[in-house]
Number of protein chains: 2
Amino acid sequence: MLDSVVEAFPCCCLMQFFAGMQNVSQHRWFQPEGAERLRVSAGNGASQAGWSLQIDRGVCVRSAGEDVRLRDEEAAPQSQPGLHRPLTSLPRLFLQLLNERLMGAEGTKMDDDFLKMEKSVEVLQALLVELLSRTTEFLQPHPGARAKLSVLNTMSRIRGHGGGAGYPQTESMLGDCMSHYGRELGPASEFGGALTEAGGALQEVAQARDALGVDIKRTFIDPLEQLQNTELKEIRFQLKKLNGRRLDFDYKRRRRGKVPAEEVQWAWDKFLLSKELAERSMFVLLQSDVDQLSRLAALVAAQLDFHRNAHRILLGLHGNLQAR
Amino acid sequence: MLDSVVEAFPCCCLMQFFAGMQNVSQHRWFQPEGAERLRVSAGNGASQAGWSLQIDRGVCVRSAGEDVRLRDEEAAPQSQPGLHRPLTSLPRLFLQLLNERLMGAEGTKMDDDFLKMEKSVEVLQALLVELLSRTTEFLQPHPGARAKLSVLNTMSRIRGHGGGAGYPQTESMLGDCMSHYGRELGPASEFGGALTEAGGALQEVAQARDALGVDIKRTFIDPLEQLQNTELKEIRFQLKKLNGRRLDFDYKRRRRGKVPAEEVQWAWDKFLLSKELAERSMFVLLQSDVDQLSRLAALVAAQLDFHRNAHRILLGLHGNLQAR
């Protein structure tokens, strides 16, 4: 049945699967058990990677480029050639995946708590991606100016200059315009004087907005990026590994007669170990809810500070304008 | 000497001059006095307008398209053909302008007060153009969203729908993101609840910013645009007219022997009348300093309101977040 599954599956999918697996494993070779001869012509991506693939019945065929035999890290030491030739890990996972996806075979189900945590982590991950981009847009709404600033900062980092340019706040540009024309109108003009004063105040508001940007970057954006790059990345890796071990276990369990019982037990133990690790990491992350909450509070506090400062500056200006 | 000036002047400039004058006058014909034959081949712009031009010594030549004779509105009624053939107004102004620009002839100077007022009006005009565009950028910093909104509003105006879409405030987008993922995380998550709450508060801030936009449009942008389109436009027109009358007077004064004394006097009176009108308009505009000042105060007051509201909203949110 497995053979027919392999045959029914389009080559491109097979290639995609192996292209995806390239990151995980450097194995170029495998020897499937009892598969009909099947030539997989390499697609673009695969030919770039420099390997082609042949599956023969019970025969190990060499690839076009390299001469490295696929090692089955998890192959039981007692497995003897001829008697039982276990599939190496990658095709095992692949065939099990095919079996589940195409033939509707039931894999080992995770418990509800685990699934709930996994879902929460997924949401958190998507949330962080969008939240960080929206916060950046909130701080630097003009996309052109944002891109320019990013390039300038990168260049000044490469050149070793510190600091770099700041984002051109709209308050600052409006204030510049007012100050410039206020000076042009001269001190004799009442309106000119008021413009100069308003321009100065708006520059102060722009400085407060700059401080808001720095504040939010330090207390909100940086910690959340850190979270993305460490804990969440680790959890993603663990979940991927867990899924691999589950597929491996399900494959072996399904072939319980042909695969030795100890090997099935061993796969189960490794699966459980992986599950526990992933569970623990997810639990720790989701328990750090309070940390995220405090970061959100920091974002709000920074905005609160900005509005307070802006209000204070503009209140003084408004009083002066009224007095004129 | 005048002839040589005309000859020395490149045709393209002549064409530009007449192309510019098209708006002012529909005259296609004129009869210059004592000019050498001069063929002006029509440039692109002029040929589109459908006229070509020939200047012959003392002969009135018909244009390619129309057969309308140039009337000289200001020609003295007592001028008799043969004895004195006065130039029609457009070429008069043109020749005087050439004379001043190329030959450095001195025209009638305006008094210092007038020049000062003229300068102030120029500054005010430039100020309004930049101030309005900067204020719009301040309210709607994303150029793409601004352009899209403008198109949408125009379309809904054409279709007769009222209202139209609002500008997508960054606070609103950030708030949407928070609310969405807050709901996804579910009520069980403390962080999710806080996110939903923060999202709601940011939506309120966005509404306050919308109100700021409406307020500034009503109390600052619209009145200043009105000022641009009425008083300033009128003053621009009057200054243009005044310059024409000055050129006319200077031309006639320079040719005092050939032009009757009454005509020179008449040109002087008209110039003075125009000057007085322009002066009065500029004076009224510059005296309305206080109006502009009150508009500036309105802009500041609107911002003040916004920051006060935003501060109030965020203060409540911050308290709730701290309580969690």
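**Aromatic pairs, chain symmetry and internal cavities**

Phe271(A) has a relative accessible area of 2%. That value is under the 20% limit, so Phe271(A) counts as buried. The model is a predicted one, and every value reported here was computed from it. Trp268(A) stands in contrast to its buried partner. Its relative accessible area is 29%, which makes Trp268(A) partly exposed, because values from 20% to 50% fall in that class. Both Trp268(A) and Phe271(A) belong to helix 9 of chain A, which spans residues 261–287. Three residues separate them, about one turn of the helix.

Aromatic pairs were searched for across the whole structure. The search returned six of them over all chains. One is formed by Trp268(A) and Phe271(A), whose ring centres lie 5.5 Å apart. Their planes meet at 40°. The angle is neither under 30 degrees nor over 60, and the pair is therefore classed as tilted. Phe249(A) joins these two residues, and the three form one aromatic cluster.

Which two residues of chain B form a stacked pair? They are Phe249(B) and Phe271(B), with 6.3 Å from centre to centre and 5° between the planes. The two rings come from separate helices: Phe249(B) lies in helix 8 (residues 190–254) of chain B, and Phe271(B) lies in helix 9 (residues 261–287) of chain B. The pair therefore ties together parts that are 22 residues apart in sequence. Both Phe249(B) and Phe271(B) are buried.

The fold of chain A was examined next. Chain A has ten helices and two strands. Read from the N terminus, its elements follow the order α-α-β-α-β-α-α-α-α-α-α-α. Of its 324 residues, 47% are buried. Among contacts in chain A with a separation of 6 or more, 74% link residues 24 or more positions apart.

Glu197(A) offers a local view of this chain. Helix 8 of chain A (residues 190–254) holds Glu197(A). The relative accessibility of Glu197(A) is 24%, so this residue counts as partly exposed. Neighbours within four places in sequence aside, Glu197(A) contacts Leu317(A), Asn320(A) and Arg324(A). Between the C-alpha atoms of Glu197(A) and Ser179(A) the distance is 7.3 Å, with the two positions 18 residues apart along the chain.

The relation between the two chains was then determined. A turn of 180°, with a shift of 0.0 Å along the axis, lays chain B on chain A with an RMSD of 0.2 Å. This relation is that of a two-fold axis. The interface fits the picture. Of the interface residues of chain B, 100% are also interface residues in chain A, so the copies meet through the same surface.

Helix 10 of chain B was sampled at two positions. Phe306(B) lies in this helix, which covers residues 289–323. With 3% relative accessibility, Phe306(B) is under the 20% limit and therefore buried. Which residues does Phe306(B) touch, not counting those up to four places away in sequence? One contact is made across to chain A, with His307(A). The others are Glu171(B), Val205(B), Ala208(B), Arg209(B) and Leu212(B). The C-alpha atom of Phe306(B) is 18 Å from that of Ala198(B), a residue 108 positions away along the chain.

Arg295(B) also sits in helix 10 of chain B. Sequence neighbours within four places aside, its contacts are Thr219(B), Phe220(B), Pro223(B), Leu224(B) and Leu227(B). Arg295(B) and Ala188(B) are 107 residues apart in sequence, and their C-alpha atoms are 51 Å apart.

Internal space was surveyed last. Rolling a probe the size of a water molecule over the atoms shows where empty space is left. How many cavities of 30 Å³ or more does the structure hold? There are eight. The largest has a volume of about 160 Å³. Its lining comprises 16 residues, and the closest to its centre are Pro141(A), Thr170(A), Arg209(A), Pro141(B) and Arg209(B). Four helices give two or more residues each to this lining: helix 5 (112–139) and helix 7 (170–185) of chain A, and helix 5 (112–139) and helix 7 (170–185) of chain B. By class, the lining of the largest cavity has eight nonpolar residues, four polar and four charged.

Methods:
Residues are numbered from 1 along each chain as its sequence is written. Chains are lettered from A and ligands numbered from 1 in the order in which they are written. This is a predicted model: local features need pLDDT of at least 70, side-chain atom pairs count only at pLDDT 80 or more; totals for chains, interfaces and linings use all residues. Side-chain values use heavy atoms; hydrogens and water are left out. On a 1 Å grid over the protein atoms alone, a cavity is a set of points where a 1.4 Å probe fits but cannot get out, and a pocket is an open set with protein on both sides within 12 Å along at least five of seven lines; lining residues have an atom within 4 Å of a point. Grid points are joined across faces, edges and corners, and a volume is the space filled by probe spheres set on the points. Ala, Val, Leu, Ile, Met, Phe, Trp, Tyr, Cys and Pro count as nonpolar, Asp, Glu, Lys and Arg as charged, and the others, Gly among them, as polar. Copies are superposed by least squares on the C-alpha atoms of residues with pLDDT of at least 70 in both. Contact means heavy atoms within 4.5 Å. Rings of Phe, Tyr and Trp (its six-membered ring) pair if their centres lie within 6.5 Å; planes under 30 degrees apart count as stacked, over 60 as edge-to-face and the rest as tilted. Buried means under 20% relative accessible area, exposed over 50%, partly exposed in between (1.4 Å probe, protein chains only).
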